[in-house]
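Trainee: I would like to go through this structure contact by contact. Can we take it one question at a time?

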Amino acid sequence: MRILGMISGTSHDGIDAALVDFDLAGDTLEGRVEFTASTPYPPELRARLVAALPPAPTTLAEVCVLDTLIGQSFAEAAAAAIEEAGPVDLVVSHGQTVFHWVDEAHALGTLQIGQPAWIAERTGAPVLSDVRIRDITAGGHGAPLVSVLDALLLAGHQGVAAALNLGGISNMTVVRGPDDLVAYDIGPANALVDAVVSSRGLSERGFDEDGRIAASGRVDERLLDVLLDEPYYRLPAPKSTGKELFHLAYVEEAIARSGRRPDAADLVATLAELTVRTVAREVLASGADLLVISGGGARNPVMTNGLREALPGVRVTFTDEYGAPADEKEAIAFALIGWCTAHGLPGTVPAGTGARAARVLGTLTPGAGPLVLPAPIADRPRSLTLRR
């Protein structure tokens, strides 16, 4: 079954896509990654999206406009992928998260926009969307959904393995055995760095490319102590967070409390070190002997080298080694969730999200023809092999 997975993450810089051809062989799911791409949002759309995100006020009219414009962007990215790689049986669109409602330790709602009907109309393929909310209705956080992929990819590791995604938010799945895992959001990865880089005009691309800005600065330990004193870090897992908490005003408030005024490079270096410290602390506490990294932060050597230095007894590598390109791993994960939903299988691991039980995820929008799904499968695969 050929499935196109698509997502724009919490860095809200564009759309990652991965086309995976899945085939079940016994209790092993085999996936051939046939196409990957990253499509930046048009600058004016990204600026409009950023202006509407919390803590900024917005209107329902603006949400409606963004829902359409982002849906059209996803539709064009999907059409381009299909034109290059061939037809698909299903498109899975995560869309763009604009709000994740967490009250203390409980997720109560989540909103992803990017109207899927635009994708169905443009491509003629059925579309699975709105994939997080069903887990929340079952008591989960709706995140990190990538834990279902991590559990299958790392199933063969003898020991404790941790899969780390460094997107806008850092999240980690710790796999101790086939049915023994925990997953949760650790804290900010690129979110705060991107907010500072964009607000101060440090890069036209809106992020610290190759960690060059952070590498040119020095960590402000006083400010770092203030940032590390965030109550979220002390909450037990599973837990989730987002830019509702970690945004530019959050950085400015921390600077004010610290009594420091770091220059731009020192501030970016301090925020990068915040990611290193918070992640390393969790990896050490997990007892993992293997750390597999993905996400945009995987290409930031300040973060990855910092983690290697902080974790001398842990083997640190990237998901590319497991057949999942680090930049497109989440898109592959949503393609996998689509395969599960199409076959009547849950797309979550309850221990990974905190839900009462696993749930089949998403809402289906028919394509040009009748909606036809494969025959249901009784049991989820025990492992996943990816190749390109």
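Trainee: Leaving aside neighbours within four places in sequence, which residues is L245 in contact with?

Mentor: The model is a predicted one, and L245 lies in its loop between α8 and α9. Leaving out residues within four places in sequence, the contacts of L245 are E230, Y232 and Y250.

Trainee: Is L245 buried, partly exposed or exposed?

Mentor: Buried would require under 20% relative accessible area, and exposed over 50%. L245 has a relative accessible area of 27%, so the class is partly exposed.

Trainee: How far apart are the C-alpha atoms of L245 and G187?

Mentor: Along the chain, L245 and G187 are 58 residues apart. In space, their C-alpha atoms are separated by 9.5 Å.

Trainee: How are the rings of Y233 and F246 arranged, stacked or edge-to-face?

Mentor: A search of the whole structure gives 5 aromatic pairs. In the pair of Y233 and F246, the ring centres are 6.3 Å apart and the planes meet at 20°. Planes under 30 degrees apart count as stacked, so the pair of Y233 and F246 is stacked.

Trainee: How many residues apart in sequence are the parts that the pair of Y233 and F246 ties together?

Mentor: Y233 and F246 both lie in the loop between α8 and α9. Both residues are buried. The parts that the pair ties together are separated in sequence by 13 residues.

Trainee: What kind of aromatic pair do F246 and Y250 form?

Mentor: F246 and Y250 are both buried. Their rings are 5.1 Å apart centre to centre, with 75° between the planes. Planes over 60 degrees apart count as edge-to-face, so F246 and Y250 form a pair that is edge-to-face.

Trainee: Which residues form one aromatic cluster with F246?

Mentor: F246 pairs with Y250 and also stacks with Y233. The cluster that contains F246 is completed by Y232, Y233 and Y250.

Trainee: How do α8 and α9 pack, oblique or roughly antiparallel?

Mentor: Helix α8 covers residues 221-228 and helix α9 residues 248-258; they pack at about 120°, with axes 9 Å apart. Roughly antiparallel needs an angle over 145 degrees, so α8 is oblique to α9.

Trainee: Which residues of α8 and α9 make the contact?

Mentor: α8 passes α9 in a right-handed crossing. On the α8 side, the contact is made by R222, L223, V226 and L227. The residues of this contact divide into 6 nonpolar, 1 polar and 2 charged. On the α9 side, they are Y250, A254, I255, R257 and S258.

Trainee: Is L223 buried or exposed?

Mentor: L223 lies in helix α8. Not counting residues up to four places away in sequence, L223 touches A254, I255, S258, R260, P262, L267 and T270. The relative accessible area of L223 is 1%, which makes the residue buried.

Trainee: How far apart in space are L223 and L271, C-alpha to C-alpha?

Mentor: In sequence, L223 and L271 are 48 residues apart. From C-alpha to C-alpha, the distance is 9.3 Å.

Trainee: How are α6 and α10 oriented, roughly parallel or roughly antiparallel?

Mentor: α6 and helix α10, residues 264-286, pack at about 165°, with their axes 9 Å apart. The crossing is left-handed. Angles over 145 count as roughly antiparallel, so α6 and α10 are roughly antiparallel.

Trainee: How many residues in the contact of α6 with α10 are nonpolar?

Mentor: From α6, the contact uses L192, V193, V196 and V197. From α10, it uses L267, V268, L271, A272 and L274. None of the contact residues is polar or charged, and the nonpolar count is 9.

Trainee: Where does the cis peptide bond between A237 and P238 place P238?

Mentor: Most peptide bonds are trans. The bond joining A237 and P238 is cis, with omega about 0°. P238 is found in the loop between α8 and α9.

Trainee: What is phi of D130?

Mentor: D130 lies in the loop between β6 (127-129) and α4 (133-137). At 34% relative accessibility, D130 is partly exposed. Most residues other than glycine have a negative phi. D130 is not a glycine, yet its phi is positive, near 50°.

Technical notes
Residues numbered from 1 in each chain as written. Predicted model: local features only at pLDDT ≥ 70, side-chain atom pairs only at ≥ 80, totals over all residues. Heavy atoms only, no water. Axes fitted to C-alpha atoms, helices over the stretch in contact; angles between N-to-C directions. Helix = DSSP H or I, 4+ residues; strand = E, 2+ residues; numbered from the N terminus. Parallel < 35°, antiparallel > 145°, perpendicular 65-115°, else oblique. Left-handed = near helix turned anticlockwise from the far one by under 90°. Contact = heavy atoms within 4.5 Å. Nonpolar A, V, L, I, M, F, W, Y, C, P; charged D, E, K, R; others polar. Phe/Tyr/Trp six-rings, centres within 6.5 Å; stacked < 30°, edge-to-face > 60°. Buried < 20%, exposed > 50% of the residue type's maximum accessible area, 1.4 Å probe, protein only.
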